[in-house]
Amino acid sequence: MTKERRRGFTLVEIMVVVVIIGLLAALVGPRLIGQSESAKITATKAQINNLQQSLELFHINNGFFPTTEQGLEALIEKPTIPPEPKNFQRGGYINAKSVPKDPWGNEYLYICPGENGDYDIISYGADGREGGEEANADITNWDN
């Protein structure tokens with residue numbers, strides 16, 4: 001009778017692999033986290049751009065931009081407070097059931113008439129407060 005040798009990984013081999021994975025995560029993890037914030041900033045700029053295009057189409061159809069009181073919701077449902085749009089596009093101007101939030105889950109601030117143009121669209125960044133630097137910096141349609 002011959003003894004068959006069992007094949008498999010020893011505890012030492014498994015521990016070496018776990019240590020290598022841990023080292024890779026420690027080196028790569030912080031870089032990926034930084035890229036995540038950068039991606040959110042880029043996504044916010046793209047969303048603001050899309051909102052601007054929708055607002056421009058609303059303006060072309062109706063001759064005015066939604067007021068601050070009507071808000072960005074006027075791009076989804078026909079406003080019922082004056083001024084009421086006469087040529088509101090069937091289905092709205094955004095293909096969504098609600099106005100998108102910024103990538104940090106905060107509402108966009110919409111002001112019309114704006115201080116920096118016909119309207120202002122602002123995301124306060126990661127911290128959700130005015131001002132800040134890097135990921136916490138404000139992202140606006142006039143700086144976009």
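Trainee: Where is asparagine 95 found?
Mentor: This is a predicted model. Look past helix 1 and before strand 1. Asparagine 95 is found in the loop between helix 1 and strand 1.

Trainee: Is asparagine 95 buried or exposed?
Mentor: Its relative accessible area is 82%. The cut-off for exposed is over 50%. Asparagine 95 therefore counts as exposed.

Trainee: What separates the C-alpha atoms of asparagine 95 and alanine 43?
Mentor: Along the chain, these two residues are 52 residues apart. In space, their C-alpha atoms are separated by 17 Å.

Trainee: Which residue does a cis peptide bond join to proline 82?
Mentor: Most peptide bonds are trans. Here omega is about -5°, and the bond is cis. The second residue sits in the loop between helix 1 (11-62) and strand 1 (109-111). The residue joined to proline 82 is proline 83.

Trainee: What is omega for the peptide bond from cysteine 112 to proline 113?
Mentor: Proline 113 lies in the loop between strand 1 and strand 2 (120-123). The bond leading to proline 113 from cysteine 112 is cis. Its omega is near 5°.

Trainee: What is phi of glutamate 134?
Mentor: Most residues other than glycine have a negative phi. Glutamate 134 has a positive value. This residue is in the loop between strand 2 and strand 3 (139-140), and counts as exposed at 72% relative accessibility. Its phi is near 50°.

Trainee: How is isoleucine 20 classed: buried, partly exposed or exposed?
Mentor: Isoleucine 20 lies in helix 1. With Val12, Val16 and Leu24, Ile20 forms a nonpolar surface patch of about 370 Å² accessible area together. Its own relative accessible area is 46%, and partly exposed falls between 20% and 50%. So isoleucine 20 is partly exposed.

Trainee: Which element gives the most to the largest nonpolar core?
Mentor: In soluble globular proteins, nonpolar side chains tend to be buried together. This core has 21 residues, and Leu55, Leu72, Leu75, Tyr110 and Ile121 touch the most other members. Four residues come from the top contributor, helix 1.

Trainee: Which tryptophan is in contact with isoleucine 121?
Mentor: Leave aside neighbours within four places in sequence. The contacts then include Ile48, Leu51, Leu55, Tyr110 and Ile139. The tryptophan on that list is Trp142.

Trainee: Where in the protein is confidence highest?
Mentor: Mean pLDDT for the protein is 89, and 92% of its residues reach 70 or more. Confidence is lowest in helix 1, at a mean of 86. The highest value, 98, belongs to strand 2.

Key: Residues are numbered from 1 along each chain as its sequence is written. This is a predicted model: local features need pLDDT of at least 70, side-chain atom pairs count only at pLDDT 80 or more; totals for chains, interfaces and linings use all residues. Side-chain values use heavy atoms; hydrogens and water are left out. Helices (H or I, at least four residues) and strands (E, at least two) are DSSP runs, numbered from the N terminus. Buried means under 20% relative accessible area, exposed over 50%, partly exposed in between (1.4 Å probe, protein chains only). Patches are made of residues with over 30% relative accessible area and no salt bridge: like charges are joined within 9 Å, nonpolar side chains (Val, Leu, Ile, Met, Phe, Trp, Tyr) within 5 Å. Accessible areas come from the Shrake-Rupley method with a 1.4 Å probe; for residues, only the protein chains shown count as cover. A salt bridge is a side-chain nitrogen of Lys or Arg within 4 Å of a carboxyl oxygen of Asp or Glu. A nonpolar core is a set of buried Ala, Val, Leu, Ile, Met, Phe, Trp, Tyr and Cys residues joined through side-chain atoms within 4.5 Å. Contact means heavy atoms within 4.5 Å. pLDDT is the predictor's confidence in each residue, from 0 to 100.
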